[in-house]
Amino acid sequence: MINSSKQTWNSDNYANNARFVSDLGAPVLDLLAPKPGERILDIGCGDGALTQKIVAAGSDVVAIDHSPSQVAAARKLGLDAHVMDATHLIYADEFEGVFSNAALHWIKPPEAVVAGVATALKPGGRFVGEFGGYGNVSKIREASIAALNARGLDGEAANPWYFPTPEDYSALLSAHGFDVTSAVLIPRPTPLPGRMADWIKTLAQDFVAPVPETEQDAFLQGIEADLADDLQDADGNWTADYVRLRFSASFKG
Ligand code: BEZ
């Protein structure tokens with residue numbers, strides 16, 4: 001499995017259509033419980049909204065993200081942010097904690113990420129995070145795959161995400177020298193700030209990219225029509241069927 005997602009990140013689109021992703025990160029920050037003077041690595045920092053909070057706790061934070069646009073936005077906040085592929089981390093034995101919110105479902109192969117985190121942590125260091133878990137956005141994913149299949153395209157091949165069960169992710173962590181403290185699925189139906197089509201255009205570009213540009217609006221309207229009964233209320237408001245996997249693990253060294 002390789003990371004073949006064509007997803008690109010525009011920090012303005014993200015702020016308009018997905019700001020709630022970092023807004024909902026407070027509980028996983030609490031689980032990290034960063035302390036003054038600790039060195040923390042933030043994987044998939046996005047525009048730095050949550051990274052700033054770890055810095056505010058007094059920790060010394062290095063933030064990485066695959067997206068130059070998001071890293072530029074994070075640097076504007078004064079953060080020590082770098083463009084880096086989390087399957088090729090460059091750190092060894094230097095962090096008390098590694099943190100990640102809403103990023104690990106994008107990064108394949110997950111084995112390479114967990115191996116790099118284990119190398120980056122000091123013995124006894126912690127890996128704390130939250131990302132899409134088994135069943136995440138399953139209605140949106142299924143409708144998108146079906147819409148591509150109906151056009152004679154391979155919908156499943158376009159699926160960019162890794163949404164493991166707690167059992168599978170715990171096994172992966174254990175295999176790389178971690179004691180898993182907790183790993184749980186958290187269903188979190190999430191109201192969207194705008195249309196479902198805007199969420200898909202911002203966060204699920206891999207499902208739209210195979211469709212010719214002139215046909216994309218109709219394609220997205222078709223997906224919305226398919227999802228409306230399940231995910232739209234009588235006033236027209238959309239909700240995404242999020243399910244998070246929240247975990248905490250300690251590196252044995
Ligand atoms: C998530 O944060 O769970 C998520 C974000 C983008 C696409 C799919 C899931």
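Reader: Is the crossing of α9 and α11 left-handed or right-handed?
Author: α9 passes α11 in a right-handed crossing, the near helix being turned clockwise from the far one by less than a right angle (anticlockwise would be left-handed). Helices (H or I, at least four residues) and strands (E, at least two) are DSSP runs, numbered from the N terminus. This is a predicted model, where local features need pLDDT of at least 70, side-chain atom pairs count only at pLDDT 80 or more, and totals for chains, interfaces and linings use all residues. Residues are numbered from 1 along each chain as its sequence is written, and side-chain values use heavy atoms, without hydrogens and water.

Reader: At what angle do α9 and α11 pack?
Author: The angle between α9 and α11 (residues 216-231) is about 120°, and their axes are 9 Å apart. Axes are lines fitted to C-alpha atoms over the stretch in contact, with angles from 0 to 180 degrees between N-to-C directions. The two helices are therefore oblique to each other; under 35 degrees is roughly parallel, over 145 roughly antiparallel, 65 to 115 roughly perpendicular and the rest oblique.

Reader: And what about α5 and α8?
Author: α5 (residues 110-120) packs on α8 (residues 166-175) at about 45°, with 9 Å between the axes. That makes α5 oblique to α8, and their crossing is right-handed.

Reader: Turning to the ligand, which residues are around it?
Author: Ala-102, His-105, Trp-106, Asn-136, Trp-161, Trp-199, Leu-203, Tyr-242 and Arg-244 surround the ligand, each with a heavy atom within 4 Å. Both α9 (196-203) and β7 (239-251) supply at least two residues of this shell.

Reader: Which side chains have polar atoms by a ligand oxygen?
Author: Asn-136 has a side-chain N or O atom 2.9 Å from an oxygen atom of the ligand. For Arg-244, a polar side-chain atom lies 2.6 Å from a ligand oxygen.

Reader: How much of the ligand's accessible area does the protein cover?
Author: The protein covers 99% of the 260 Å² that the ligand has on its own, by the Shrake-Rupley method with a 1.4 Å probe.

Reader: Anything unusual in the backbone? Where is Ala-102?
Author: Ala-102 sits in the loop between β4 and α5, and its phi is positive, near 55°, in a residue other than glycine. The loop between β4 (95-101) and α5 also holds Pro-109, which a cis peptide bond joins to Lys-108, with omega about 0°.

Notes: A polar contact is a pair of N or O atoms within 3.5 Å; within protein, one must be able to donate a hydrogen and the other to accept it, and residues adjacent in sequence count only if both atoms are side-chain atoms.
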